[in-house]
Amino acid sequence: MVSVPRLVIAAPASGSGKTTVTAGLMAAFAERGLDVSPHKVGPDYIDPGYHALAISSAASSGASGAGRPRAGGARPGRNLDAYLCGPDRIAPLFLHGAAGCDLALVEGVMGLFDGAAGQGELASTAHVAKLLRAPVVLVVDASSQSRSVAALVHGFASWDPEVRVAGVILNKVASDRHEAMLREALEGCGVPVFGALRRTRAVRAPSRHLGLVPVAERHTEAVDSAAALAARVREGCDLDGLLALARSAPPLSGRAWDPEEEIHRAMAAVPGAGVRGDRAARPVVAVAGGAAFTFSYAEHAELLTAAGARVVPFDPLRDERLPEGTGGLVIGGGFPEVYAPELSANEPLRTAVAGLAASGAPIAAECAGLLYLAHSLDGEPMCGVLAAKARMSERLTLGYREAVAVSDTSLAAAGTRVRGHEFHRTTIVPGAGPEPAWGLVHPERRTEGFAQGDVHASYLHVHWASIPGAAARFVDRCAPPAG
């Protein structure tokens, strides 16, 4: 049994202010010297970046002057997705990410009870809250209501007896009088109010075609916003009461997810396979980062490392060469469409990537990586590894997918079944190569992506914690360092 103080920050609907309130709480508690562990329900890559920045910037500034300095490095934002990873992995992944923390805060997704389409509560915030046995604090957009807020909160608190809606934070409150009316209405509701936050434009994050602009693209402005959010939450929320509520969460049973155990278990299923323990023989896996490639799950790098790789990040916008000794390449999601001219202008790196693919080295590319490997993106030359052209589209492709590997690739053997997620406003022609990466089986049936040599390129985002064998398989195919 493991005790972790924790809260789930949820809302009745999207747009209520979950991300700003959660980031503000994280920053405010980090200013107090607490080691805060950030988590996000669902597949979203962008919000965890804001969480990690809010914590690290607040902890380093110590603006409140209270508490002890937070020890250790910044914790990455981590996702908890019961669809992608399965319900049984949620608590172990949470315990892995939150190990040793003083407080874990979990931002929900959409409305509290909204989950995977047509699959009941699966992957909803409520589902994850139940799996974590965590108290839920409901962020309510109070901008257009007064007494009706009591009916709304009562409905959410009573809908599912297994979900403990234990508090409310009123957001977008217009005035002191408005706040008094809201608090009076909620007095008989049985759900305490832990804060009331005024409307403000000072902490809004800009959005574009796929949601918030990632923090890597607006770091300085985002740091200033985090400080403003922390001040706003300090003034408007009962931090002591919220911390006491978090500490009331019961212990969790089970063990933390362990990447080394996962890799050894995956290796045991493959005759003759083994982790490369010799440091000198560890292959270099280059992982794309920087402003154009901001989408990644922290567990991917941990699994690659556990499988014996030396993970080395690089920035395709700035670096003209791949890291020395690169034996494999991972290019995750992001926004190459925003940086297409700059990516195209880095011809030395595009040539190096094409050469690596031609050498037979394994390459795993998801969404943004798929576009970068294409012949062109919006008319700008890309790496030319794939005989396909990509462009921006008016149509948003969004949703969970079930898929099966059509071909043997660097990530999966043919027949491997996975669950993934698509999220893009681009299209690529053709949509699948002569040997597709995946055959989608739900909610639609079609082939998708490219399996070309040891290149696996696809729009589908897959969380490797659900298929740790992918990391083991990928590293096993990487060439060891020369010499």
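Trainee: Let's start broad: of the 483 residues of the protein, what share count as buried?

Mentor: 58% of them do, where buried means under 20% relative accessible area, exposed over 50%, and partly exposed in between (1.4 Å probe, protein chains only). Keep in mind that this is a predicted model, so local features need pLDDT of at least 70, side-chain atom pairs count only at pLDDT 80 or more, and totals for chains, interfaces and linings use all residues. Residues are numbered from 1 along each chain as its sequence is written, and side-chain values use heavy atoms, with hydrogens and water left out.

Trainee: How many helices and strands are there in the protein?

Mentor: There are 15 helices and 22 strands; helices (H or I, at least four residues) and strands (E, at least two) are DSSP runs, numbered from the N terminus. For contacts, meaning heavy atoms within 4.5 Å, take the pairs at least 6 apart in sequence: 77% join residues at least 24 apart.

Trainee: Which residues are buried in H6?

Mentor: General idea first: an α-helix has 3.6 residues a turn, so residues three or four places apart point the same way. In H6 the buried ones are Val149, Ala150, Val153 and Phe156. They cover an arc of only 135 degrees around the axis, which puts them on the same side of H6; the arc is that of the directions from the helix axis to the C-beta atoms. On the other side, Ala151 and Trp159 are exposed.

Trainee: What do the buried residues of H6 pack against?

Mentor: Strand E5 (136-141), strand E6 (165-173) and helix H7 (176-186). As for its span, H6 (residues 148-159) has 12 residues and reaches 17 Å from its first C-alpha to its last, close to the 16 Å expected at 1.5 Å a residue. That expected span is 1.5 Å times one less than the number of residues.

Trainee: And which residues are buried in H13?

Mentor: Leu349, Arg350, Val353, Leu356 and Ala357. They cover an arc of only 125 degrees around the axis, which puts them on the same side of H13. Thr351 and Ala358 are exposed on the other side. After H13 comes Gly360, whose phi is positive, near 95 degrees.

Trainee: Which residue other than glycine has a positive phi near 50 degrees in the loop between H5 and E5?

Mentor: That's Arg133, which is partly exposed, with a relative accessible area of 44%. Met110 is not a glycine, yet has a positive phi of about 50 degrees. Met110 sits in the loop between strand E4 (103-107) and helix H5 (125-132).

Trainee: Which residues does a cis peptide bond join, with omega about -5 degrees?

Mentor: Val429 and Pro430. Pro430 is in the loop between strand E17 (417-429) and strand E18 (438-442). Another cis peptide bond joins His442 and Pro443, with omega about 5 degrees.

Trainee: How many cavities of 30 Å³ or more does a search of the whole structure find?

Mentor: Rolling a probe the size of a water molecule over the atoms shows where empty space is left. Here the search finds 2. On a 1 Å grid over the protein atoms alone, a cavity is a set of points where a 1.4 Å probe fits but cannot get out, and lining residues have an atom within 4 Å of a point. The second largest cavity has a volume of about 50 Å³, and its lining includes Glu366, Trp438 and His456.

Technical notes: 1 Å grid on protein atoms, 1.4 Å probe; cavity = no way out; pocket = protein on both sides within 12 Å on 5 of 7 lines; lining within 4 Å. Points joined across faces, edges and corners; volume = space filled by probe spheres on them.
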